[in-house]
Amino acid sequence: MNTALLNLLHLSDPTLPIGGFSHSAGLETYVQQNIVKDKITATGFITEMLSRNLKYTDAAFVSLAYDAAVKNDLQKILDLDEECTAVK
């Protein structure tokens, strides 16, 4: 096993604060079903996640949370956090 793969596996460990493995949008299933199997299909998966899924969920919540922070609206931030957790 090469170092790059070990580093990738470490980053996908659910014990890390980012929870990469926990919030992978089903990547493990796509790999097991041989849908994501190489650099090209992985790039396609990542591109779709960033351009379609994250844009309308995580990125939208970050934008709304930023607006609430500028207004010093802690309750709005807490509400957004709760809603974002429910969406996941």
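**Helices, a capped end and a nonpolar surface patch**

In this predicted model, the N-terminal end of helix α3 is capped by D38, whose side chain places an oxygen 3.2 Å from the backbone nitrogen of I40. Helix α3 itself covers residues 39–56 and contains 18 residues. The distance from its first C-alpha to its last is 25 Å, close to the 26 Å expected at 1.5 Å a residue. The helix is nevertheless bent, by about 35° at M49.

Helix α4 comprises the 13 residues 58–70. A span of 18 Å should result at 1.5 Å a residue, and the end C-alpha atoms of α4 are indeed 18 Å apart, so the two values agree. After α4 comes N72, a residue with a positive phi, near 60°.

Towards the start of the chain, L6 is located in helix α1, which runs over residues 3–11. The relative accessibility of L6 is 43%; because this value lies between the 20% limit for buried residues and the 50% limit for exposed ones, L6 is classed as partly exposed. Together with L5, L8 and L9, L6 forms a nonpolar patch on the surface. The accessible area of these four residues together is about 350 Å².

The loop between α1 and α2 (27–32) includes A25. A relative accessible area of 39% likewise falls between the two limits, and A25 is therefore partly exposed. Along the chain, A25 and F45 are 20 residues apart, while their C-alpha atoms are separated by 9.8 Å.

Conventions. Residues are numbered from 1 along each chain as its sequence is written. This is a predicted model: local features need pLDDT of at least 70, side-chain atom pairs count only at pLDDT 80 or more; totals for chains, interfaces and linings use all residues. Side-chain values use heavy atoms; hydrogens and water are left out. Patches are made of residues with over 30% relative accessible area and no salt bridge: like charges are joined within 9 Å, nonpolar side chains (Val, Leu, Ile, Met, Phe, Trp, Tyr) within 5 Å. Accessible areas come from the Shrake-Rupley method with a 1.4 Å probe; for residues, only the protein chains shown count as cover. A salt bridge is a side-chain nitrogen of Lys or Arg within 4 Å of a carboxyl oxygen of Asp or Glu. Helices (H or I, at least four residues) and strands (E, at least two) are DSSP runs, numbered from the N terminus. Buried means under 20% relative accessible area, exposed over 50%, partly exposed in between (1.4 Å probe, protein chains only). The expected span of a helix is 1.5 Å times one less than its number of residues. The bend at a residue is the angle between axes fitted to the seven residues ending there and the seven starting there. A polar contact is a pair of N or O atoms within 3.5 Å; within protein, one must be able to donate a hydrogen and the other to accept it, and residues adjacent in sequence count only if both atoms are side-chain atoms.
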